[in-house]
Amino acid sequence: MKVKKLQLVLMAMLIAVPTLIFSQAKITGLQIIENVYNRETGNDSQGDLTMSLINSRGDQRVRKIKQFVKDFGDMEKSIMFFVSPADVRNTSFMNWSYDDAGKDDDQWIYLPALKKVKRISSDSKSDYFMGSDFTYDDLGDRHPTEDNHKLLREETIDGENCYVVESIPKDEDYMYSRTVVWIIKDKSIGLKKEFYDEDEELLKTLTNKKYEKIKGYWIILSSEMFNVQKDHTTKMELANVKLDTGIPANKFTERMMKRGLK
Amino acid sequence: MENLLNKLLKYPWLVLVVFVILTVGFFKVMSSNSRMETDLDEYMPQNHPAFVYSNQAEEWFSIKDGIIIAIENQDGIYNSGTIQKVKDLTKALQKMKQINKDDVTSLYTADNIIGTEDGLDVKAFFKRTPKTAEKLEQLRTNVRNNEMIFGRLVSSDEKVTVIIAEIEDDVFSQEFYQQILELGNSFQGPEIIHVAGRPIVEGTMALLGPADMKRMVPIVILVIILVLLVVLRSFKSTFFTLLVVLFSTVWAFGLMAVLGIPIYAVSTMIPVMLIAIGVADGIHLYSHLHLFLIKNPDATKKEATMDMIQGMWKPVAMTSVTTAVGFISLLTSQVYPIKYFGLFTAFGVMMAMVFSLALIPAGLMVFGLPKWKKQEKNTDKNKSNFASTFSAKIVKYKYATIIITAVVIVLSITGIGKVWINSSFLEKFEKDSDIVLTDKFINENFGGTSTLNVILDSEEKGAFKNPDILEAIDRMQQVVDGTLQVVGNSFALTDYLKRMNKVMHADSQKYNVIPESKELVAQYLLLYEMSGDPENLWKVVDYDYKKANLTFQLKSDNSKAINSAIAVIEKHIPELEKLNIELKYAGSGYKGLVFTDLILKGQISSLLLSLIIVIILLSIMFKKFIAGLIGSVPIIITAIISFGVMGLLNIPLSTTTALLSSIAIGIGIDYAVHFLERYKIYATETGDKILTSQHTMQHSGRAIVFNAVVVIAGFLVLLFSVFPPNRALGALVSLNMFTSFLGTVTIMYLLLFVSNIYFNTRGLKNHSERKL
């Protein structure tokens, strides 16, 4: 009798355990990443961005930027005006990025001392954003189809239940060999991300320090990228965020770049 | 002292066994614990202001020495094979664990800042190797149009391109050096791969110098053994004389190992000093013994040994103590390896004394007296006759002796004026060696293999965005580049700004100047940061634009070249001071220059200090100040002639050659003390000046000749060395031995003779009147 009971219990476990696992693993790595990529952040946004660059000796440079972003459906346009330091005030930068993965961003810069708008073109999207430790891709530009994603495990950090997803680029020449990201399950926000270089060594870690729900959207307000190999840090802080204010489409033109901040 | 030595004579076996056991112990410690110091920075006095500043600046701007790998293709580099090699070699270097990925610069990694119709483009020259003729031609055009690259990474005849891998000071090892050379070799053909740069030169030197020494030293010792056999005419004597040198060397290095002090490059001079100085004790002891036995052929070994101890322990102890004190004066040097060199050589000298006074008598007691061949009698007669005539001739032609000495000294002093310090590593190699030829090849095609960093420092934040300041720097660059043949080119923040200004104005040459406003400078820099690799900027300026690094590339690492560049740069200091900018220097080449200067100054001051100490010690030992002065004559003559010959023969002072003047002290004291002591003894014995002279010449003079001949013969072997600094070493040691010897038996003897010390005035007068 006893033996039979035990057998039953064992059988029940053998059936039940895999079922439990499968029921939880329904979501794939790709889906998780797509959820993050497609997370609604409003049609347009504006805010004051403070970018602090800190080198290995602890020297710090702070740049204040006023930025405007608008989603045009198949493309996203953004425009930024430097507020400080004084010698670059009103230098402006405009970026048009396209949903089409094959199409490179268009970028312009306006130098008030030269009174000219110039196009800047760069080789690849691995370029660093304004001398920071962030690349354009790191800032959320990278399309999910460019990598193979794999859900590694689930983990709780900072009291948040997270998926841990590993992404390996399909293009072997890409600057990262792989990235590992911790994504908060119910918010589809990345909490932490590790970037590994071509030699599989840890290159950078990204930590999102502050995120808030504004007008119903989850917005990251403070993040920090630490380049482990160069011992260099970039802090990005966003303040006075306004969403869906209906920024006019003609805000994103060369004319507006030249006009600058009042 | 004498009692103690005589007591030891009763237990010769015990003495031998104890010393052998202790030596074996030191040898074991030495062979298991010794550590060679290869990081040249460890040699520098770290708290010297010039080094402190340079080290700081090196950290601010990541100034590092670069390994230069040149890829040469006689048919031009613009073909897919050669370009592929540039890429592969760059990647291979980036993968090496000793090299940071970002520290490799080549055509593959370089940024090309170019102007387009409507803006600016910063991109790589190529990512995938261009395959078509059209794409290769495009690459050629891009390089030609970029003055930041053309002539710097690609030679102007387009046949050579370089890859520069910067490395930290402490990563260089023998293994790494081999890896780099093997890597270079594996890319050989049809292109020719050349490997150069300061780390490679340092590496080759660290490898070649000791390897050459390892090969030459056994031959030196062999020659010394042979000559010792000839002069001492006894295997036993030769054996024990060498044993003294060997044991003292083992003890010196053994003690270093026990105390955990690493072996520096200058430490390899310790055995050189100990060989030159250590054989003297043995020769003098055996020489005394020999003379005693000629006079007393029936003496027992105990009698002979006791006479030897009685007659010789004092001069042996005196010479050793004064020599050791002379070396200890090197402790005043600011350079640690030199302090250690002085300290451990002094220890070795003292040990050589202990072994000479304990081991040699013990050896005599255990193994019996040396057996000399019979027919020597005649030659000895001849020798004693020769000694007498020689001393008489010196006195007879005293004015000639004095005049010749004076002429030699005057000549030497003019030579000293020409002595120059050279911190060059490259000039230590043969003119036709691979390393020199490669360096020459790269210098012909590019800016230069050596660098001098000029650090500009301002109190004001953002100073280096100010066009006035930038223009002053640009002017300085153009003047220095333009006036000096040895300066290949220069690189600074100004080069970025001029390039950007030009590019942003449709590549117009008119705009290849510093932008006119501070705002434009700031905005260009922001633009560069946004589109290029901002890391590059931090090699020429700091975060706050308060400090800037200006790099001059020199075609020679020789001190004259660096000094000539510094002389032109210094002319710009007043202009920069008006703009509140301070100018200082940094980099390994500059540090080498300061370091050599420091060694030299330390060497000269310690030489003077030890001279004073020696005069005082000799005055005390011989109880007469005049004796101290006379005793210092061989040292002074040796030192003056040594430096004089270097000046006249254009041998520059370097760390090793400067140290050689210490030999002057060591040897000079030996000769002077032995000679003075004998002279004093015979003076009291005979009371006759002429007899005293003859006896002294026959006794001390003879030993001094033996000593000089042995060491000169040994060190002349080094003239066949393949490493030029070792050749200079051999020649200078031999020269110092020779002048010490000659100075002692001629001018010092003459001074002694005419000074009349050790003779009472009355008796002396009679003698002089009678004999002369």
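This passage looks at a sheet in chain B and at the side of chain B that touches chain A. The structure is a predicted model.

Start with the sheet. Chain B holds an open sheet of 4 strands, and reading across gives the order β8-β9-β7-β10, with antiparallel pairing. At the edges sit β8(B), covering 487–491, and β10(B), covering 581–586, and each of these pairs on one side only. Going from one strand to the next, the twist averages 25 degrees. In general terms, strands of a sheet pair through backbone hydrogen bonds, and they can do so either parallel or antiparallel.

Zooming in on one edge, β8(B) is joined by 4 bridges to β9(B), the strand made of residues 547–554, and the two run antiparallel. Within this pair, Val487(B) stands opposite Leu554(B) of β9(B). The sheet also has a helix packed on it: α15(B), residues 467–483, touches β7(B) (450–458) as well as β8(B), β9(B) and β10(B). The direction of α15(B) makes about 165 degrees with that of β8(B).

Now for the meeting of the two chains. Here 23 residues of chain B are in contact with 18 residues of chain A. On the chain B side, β4(B) (119–124) and α17(B) (518–531) each supply at least two residues. The helix α17(B) gives the most to this side, putting in 10 residues. As for the make-up of the chain B side that touches chain A, 11 of its residues are nonpolar, 8 are charged and 4 are polar.

How values were computed
Residues numbered from 1 in each chain as written. Chains lettered and ligands numbered in written order. Predicted model: local features only at pLDDT ≥ 70, side-chain atom pairs only at ≥ 80, totals over all residues. Pairing = 2+ DSSP bridges. Axes fitted to C-alpha atoms, helices over the stretch in contact; angles between N-to-C directions. Contact = placed C-beta atoms within 7 Å. Nonpolar A, V, L, I, M, F, W, Y, C, P; charged D, E, K, R; others polar.
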